[in-house]
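Please open the model in your viewer and keep the selection tool at hand, since this tour goes from one selection to the next.

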Amino acid sequence: MHRRDALRASAVLADAAMGTENIEFVWNSTPEAFLGDGKLAAIRLKNTQTGELSDLATDGAFVAVGIVPRTELVRDQLRLAADGSIETNERMETSVPGVFAAGDIRSTPLRQVVTACADGAVAATYAIEAVRV
Ligand SMILES: Cc1cc2nc3c(=O)[nH]c(=O)nc-3n(C[C@H](O)[C@H](O)[C@H](O)COP(=O)(O)OP(=O)(O)OC[C@H]3O[C@@H](n4cnc5c(N)ncnc54)[C@H](O)[C@@H]3O)c2cc1C
């Protein structure tokens, strides 16, 4: 289900999804409600062009709409980027000496497993160095 009539995702992922037989796209639609009695039975859709409501029968839903960094814990302590992610330098050091951030939570151009793991390795390396000094 997508609110517009085209995807903005990277072409390699979009093409793969569009080429998959058992994936059906519902364009120009937003979810209005999950319907069911204790168990999901349908999703109420709203057509973004016409406003028309319809129910799509389903027993499962996977919600994926962007990301929100969970940085409430450090909001008043560490310097954050405009999107709420934690600013670090290339050593994964935050604005507070001795505090490191790694992975999706930090301000970074790419959020993938491999970059999160690499961040962790860098952070661990410099955290050990900080303790040694
Ligand atoms: C739908 C989707 C598909 C993806 N597909 C891919 C893919 O194909 N390939 C790829 O490389 N990457 C993919 N990613 C990105 C990848 O999942 C992330 O980059 C990676 O998981 C980041 O790892 P992380 O350890 O930084 O954060 P996370 O994996 O998000 O781990 C953070 C952990 O901290 C926990 N946490 C949060 N707040 C607190 C708190 N206050 N106290 C204690 N624990 C807390 C969370 O519950 C979570 O377990 C995908 C992401 C999504 C959402």
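In this predicted model, begin with the shell of residues around the ligand, which divides into two nonpolar, two polar and two charged residues. To see them, select G103, D104, R111, Q112, V113 and A116, the residues that surround the ligand.

With that selection still displayed, turn to the oxygen atoms of the ligand and look for the polar atoms of the protein beside them. At D104, show the side chain, where a polar atom lies 2.8 Å from an oxygen atom of the ligand. At V113, show the backbone instead, because a contact of 2.8 Å between a polar atom there and a ligand oxygen falls within the 3.5 Å cut-off for a polar contact. The backbone of Q112 likewise has a polar atom, which is 3.3 Å from an oxygen atom of the ligand. If you now display the surface of the ligand, keep in mind that the protein covers 30% of the 1,000 Å² of accessible area that the ligand has on its own.

Next, leave the ligand and select the strands. Which strand order should you expect to find in the open sheet? The sheet has three strands in the order β1-β2-β3, and their pairing is antiparallel. Colour residues 29-35 for β1 and residues 53-57 for β3, the edge strands, each of which pairs on one side only. From one strand to the next, the twist averages 30°.

Finally, add residues 42-47, which form β2, and follow the five bridges that join this strand to β3 in an antiparallel arrangement. To end on a single pair, select R44 together with D55, its bridge partner in β3.

Note on methods: Residues numbered from 1 in each chain as written. Predicted model: local features only at pLDDT ≥ 70, side-chain atom pairs only at ≥ 80, totals over all residues. Heavy atoms only, no water. Near = heavy atom within 4 Å. Polar contact = N/O pair within 3.5 Å; in protein donor to acceptor, adjacent residues only side chain to side chain. Areas by Shrake-Rupley, 256 points an atom, 1.4 Å probe, with all protein chains shown as cover. Nonpolar A, V, L, I, M, F, W, Y, C, P; charged D, E, K, R; others polar. Pairing = 2+ DSSP bridges. Helix = DSSP H or I, 4+ residues; strand = E, 2+ residues; numbered from the N terminus. Axes fitted to C-alpha atoms, helices over the stretch in contact; angles between N-to-C directions.
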